[in-house]
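This report describes one protein chain. The sequence and the structure are shown first, and the description follows.

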Amino acid sequence: MIRLLFLGDVVGEPGIRCLQIGLQEISQAYQPDLILANGENSAPEGKGLSVSAAERLWDAGVEIITLGNHAWDHRDVINRLHQDLRIVRPANYPGNAPGHGFTFVTVKGIELLIINMLGRAFMTPVDCPFQKLDQILAEQGSRSRHILLDFHAETTSEKLAMAWDFDGRISAILG
């Protein structure tokens with residue numbers, strides 16, 4: 001069994017300071033095997049991800065950072081998105097957007113597929129998350145039966161539709 005700790009939106013300087021202060025204690029108490037955080041609002045002013053915010057999240061103990069609709073708010077992170085598989089941007093951005101929409105990590109000898117997806121309701125237009133997730137599962141799903149989705153969406157109804165549609169095909173949907 002893999003024990004995961006997933007932290008919702010880490011927001012700005014206060015969010016990072018809270019992680020720096022409390023994550024070690026939480027980790028000692030619950031002993032997660034993998035720590036993930038949605039860092040799409042972790043830049044100092046609370047919007048987007050900057051390289052310095054990513055470094056501070058990793059230094060605090062976060063191992064994988066997922067993003068959302070503010071993925072492109074800091075230009076300095078775009079090159080990092082291409083290079084670093086520890087940052088996962090929404091997979092349903094159209095075309096050849098910088099970065100990776102999913103990554104694989106091995107935890108306790110188990111390969112885990114981590115996918116990031118962005119909802120469409122009240123968001124900037126993106127490709128259909130349902131179709132894109134079907135595509136990723138068809139192409140990558142045979143590599144691991146342990147699949148985690150961070151679904152960054154605004155409406156409960158869209159999140160529930162995702163949960164119903166992918167029930168039994170994904171290990172966990174968070175966000």
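In which sense do β1 and β2 pair, and over how many bridges? The two strands pair in the parallel sense, over four bridges. The model is predicted, and the sections below describe it from the overall fold to single residues.

## Overall fold

The protein chain contains five helices and eight strands. Read from the N terminus, its elements run β-α-β-α-β-α-β-β-β-α-β-α-β.

The C-alpha trace spans about 40 × 35 × 30 Å along its principal axes. The radius of gyration is 15 Å, which agrees with the value near 16 Å for a compact globule of 175 residues. Of the 175 residues, 50% are buried. Of the contacts between residues at least 6 apart in sequence, 65% join residues at least 24 apart.

## Parallel strands and crossovers

Within the pairing of β1 and β2, Leu7 stands opposite Ala37 of β2. The chain passes from β1 through α1 to β2, and this β-α-β crossover is right-handed.

β2 also pairs with β3 (residues 64-66), again in the parallel sense, here over three bridges. The bridge partner of Asn38 is Thr66 in β3. The connection from β2 to β3 runs through α2, and this β-α-β crossover is right-handed.

## Burial of β2

How many of the five residues of β2 are buried? The count is five of five, and the strand is mostly covered. In a regular strand the side chains alternate between the two faces of the sheet. On one side of β2 lie Leu34, Leu36 and Asn38, on the other Ile35 and Ala37, and all of these are buried. Both faces of the strand are therefore covered.

## Nonpolar cores

The largest nonpolar core has 26 residues. Leu7, Leu19, Leu49, Leu57, Val62 and Ile65 have the most contacts inside it. At least two residues of this core come from each of β1 (4-7), α1 (12-30), β2 (34-38) and α2 (51-60). The largest share, five residues, is supplied by α2.

A second core is separate from this one and has 15 residues. Ile115, Leu149, Met162 and Phe166 are among them.

## Cysteines

How many disulfides does the model contain? The count is zero. A disulfide is a covalent bond between the sulfur atoms of two cysteines.

Two of the cysteines can be described by their accessibility. Cys18 has 55% relative accessibility and therefore counts as exposed, since it is over the 50% cut-off. Cys128 has a relative accessible area of 19%, which is under 20%, so it counts as buried.

## Loop residues with positive phi

Gln31 is a residue other than glycine, yet its phi is positive, near 45°. Gln31 lies in the loop between α1 and β2, the segment that leads from the helix of the β1-α1-β2 crossover into its second strand. At 58% relative accessibility, Gln31 counts as exposed.

Lys108 is not a glycine either, and its phi is positive at about 50°. Lys108 is found in the loop between β5 (102-107) and β6 (110-118). Is Lys108 buried or exposed? With 56% relative accessibility, Lys108 counts as exposed.

Key. Residues numbered from 1 in each chain as written. Predicted model: local features only at pLDDT ≥ 70, side-chain atom pairs only at ≥ 80, totals over all residues. Heavy atoms only, no water. Core = buried A, V, L, I, M, F, W, Y, C linked by side-chain atoms within 4.5 Å. Buried < 20%, exposed > 50% of the residue type's maximum accessible area, 1.4 Å probe, protein only. Pairing = 2+ DSSP bridges. Right-handed = clockwise from strand over helix to strand, strands pointing away. Disulfide = S-S within 2.5 Å. Rg over C-alpha atoms; globule rule 2.2 N^0.38 Å. Contact = heavy atoms within 4.5 Å.
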